[in-house]
Amino acid sequence: MTDPRPRTCTVVVQGRRVGRSTPRPGESLRAAAERAVADVAGLRGRVVWPLDLSRREALFECESPERDVAAWPSIAFRPLTRADFRDVVAWQAQPHVARWWGEEATGRQTAEAHYGPAIDGDDPARLWVLELNGRSVGFLQDYRIGDHPAYALLTARPDAVGFDYLVGDPGWVGRGVGTRMLWVYLRDVVVPGYPEASELFAAPDHRNLASLRVLDKLGFTRGLWFDEPQSDGRVDTVVGCTLDVAAVLG
């Protein structure tokens, strides 16, 4: 089988290509990009994040020593609590979210019914609040697909780790933070939480082109389309997207 990964990793600083490398056998795209930054560009200890990993030339970016770090928001994740239900209800009611998200939290009672068991430890799913510059602006969840037999049957990915995400605050929508935010989430939260997982999985609606494009840029591969029943009775056609953890993140 032909290796589907890009053959080269190119690192950009302030729009200028500063380093290029080819992944060594067994080396992830992330590690190859970090090596290019350190060995070729001479920028030691710099963190990289993807610009576009969907092409044969995988593009990464890193900050230059002169760049004002305030140009990007600080990104953090913390466990969801019941005190966040009001925000979750408001986020899921936003038109840009409601179009794609099931009716999991139409009010405090439905939020409690859907998310309360995980908060109490009776459901193995992990729930998170996204914070940008210290402000709560979104929600994410991750879970072993095999813990949900019906979904495992639909996805044909019982051994993968699934995740869902939303940026609820409309003030942060369309500002280019989605790719970087999800990269940090997958790198620092999901992969360390499931060290045995070799594959990550997300399934956006087939019409949600923005979400699909973000996953493309993160190195996900689009695969099976399937119909997913929703809590409100409708059935959505979604696209299964998978990420090879070892090949991309390492």
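In what order do the 7 strands of the open sheet stand, and is their pairing mixed? The order is E5-E6-E7-E8-E9-E11-E10, and the pairing is mixed. The model described here is predicted. Its secondary structure comes to 8 helices and 11 strands. The radius of gyration is 19 Å, close to the 18 Å that the globule rule gives for 250 residues, so the protein is as compact as a globular protein of that length. Along the principal axes, the C-alpha atoms fill a box of roughly 55 × 45 × 30 Å.

**The sheet of 7 strands**

- Strand E5 (75-79) and strand E10 (221-229) stand at the edges of this sheet. Each has a single partner strand, so one side of each is left without a neighbour in the sheet.
- On average, neighbouring strands of the sheet are turned by 30 degrees against each other, direction ignored.
- Within the sheet, strand E7 (residues 135-144) pairs with strand E8 (residues 161-167) in the antiparallel sense, over 7 bridges. In this pair, Phe139 stands opposite Leu166 in E8.
- Edge strand E10 is joined to strand E11 (residues 235-244) by 7 bridges, and the two run antiparallel. Glu228 has Asp236 in E11 as its bridge partner.
- E10 and E11 form a hairpin, with 5 residues between the two strands. In the turn, Gly233 has a positive phi of about 100 degrees.

**Helix H2 on the sheet and against helix H4**

- Helix H2 (residues 85-93) lies across strand E6 (126-132), E7 and E8. The direction of H2 runs at about 90 degrees to E7.
- Helix H2 also approaches helix H4 (residues 108-119): their axes come within 10 Å and cross at roughly 120 degrees. An angle over 115 degrees but not over 145 falls outside the perpendicular and antiparallel classes, which makes H2 oblique to H4.
- The crossing in which H2 passes H4 is right-handed.
- On the H2 side, the contact is made by Phe85, Val88, Val89 and Gln92. These meet Arg108, Ala111, Glu112, Tyr115, Gly116 and Ile119 in H4.
- Sorted by class, the contact of H2 with H4 has 6 nonpolar, 2 polar and 2 charged residues.

**The sheet of 4 strands**

- A further open sheet has 4 strands in the order E2-E1-E4-E3, and its pairing is mixed.
- The edges of this sheet are strand E2 (16-21) and strand E3 (48-52). Each of these has a single partner strand, so one side of each is left without a neighbour in the sheet.
- From one strand to the next, the twist of this sheet averages 35 degrees.
- Strand E1 (residues 8-13) is joined to E2 by 5 bridges, and these strands run antiparallel. Val13 stands opposite Arg16 in E2.
- Helix H6 (residues 178-193) packs on this sheet, where it touches E3 and strand E4 (57-62). The direction of H6 makes about 130 degrees with that of E3.

Notes: Residues are numbered from 1 along each chain as its sequence is written. This is a predicted model: local features need pLDDT of at least 70, side-chain atom pairs count only at pLDDT 80 or more; totals for chains, interfaces and linings use all residues. Side-chain values use heavy atoms; hydrogens and water are left out. Two strands pair if DSSP finds at least two bridges between them. Axes are lines fitted to C-alpha atoms, for helices over the stretch in contact, and angles run from 0 to 180 degrees between N-to-C directions. Contact means heavy atoms within 4.5 Å. Angles under 35 degrees count as roughly parallel, over 145 as roughly antiparallel, 65 to 115 as roughly perpendicular and the rest as oblique. A crossing is left-handed if the near helix is turned anticlockwise from the far one by less than a right angle, and right-handed if clockwise. Ala, Val, Leu, Ile, Met, Phe, Trp, Tyr, Cys and Pro count as nonpolar, Asp, Glu, Lys and Arg as charged, and the others, Gly among them, as polar. The radius of gyration is taken over C-alpha atoms; the globule rule is 2.2 Å times the number of residues to the power 0.38.
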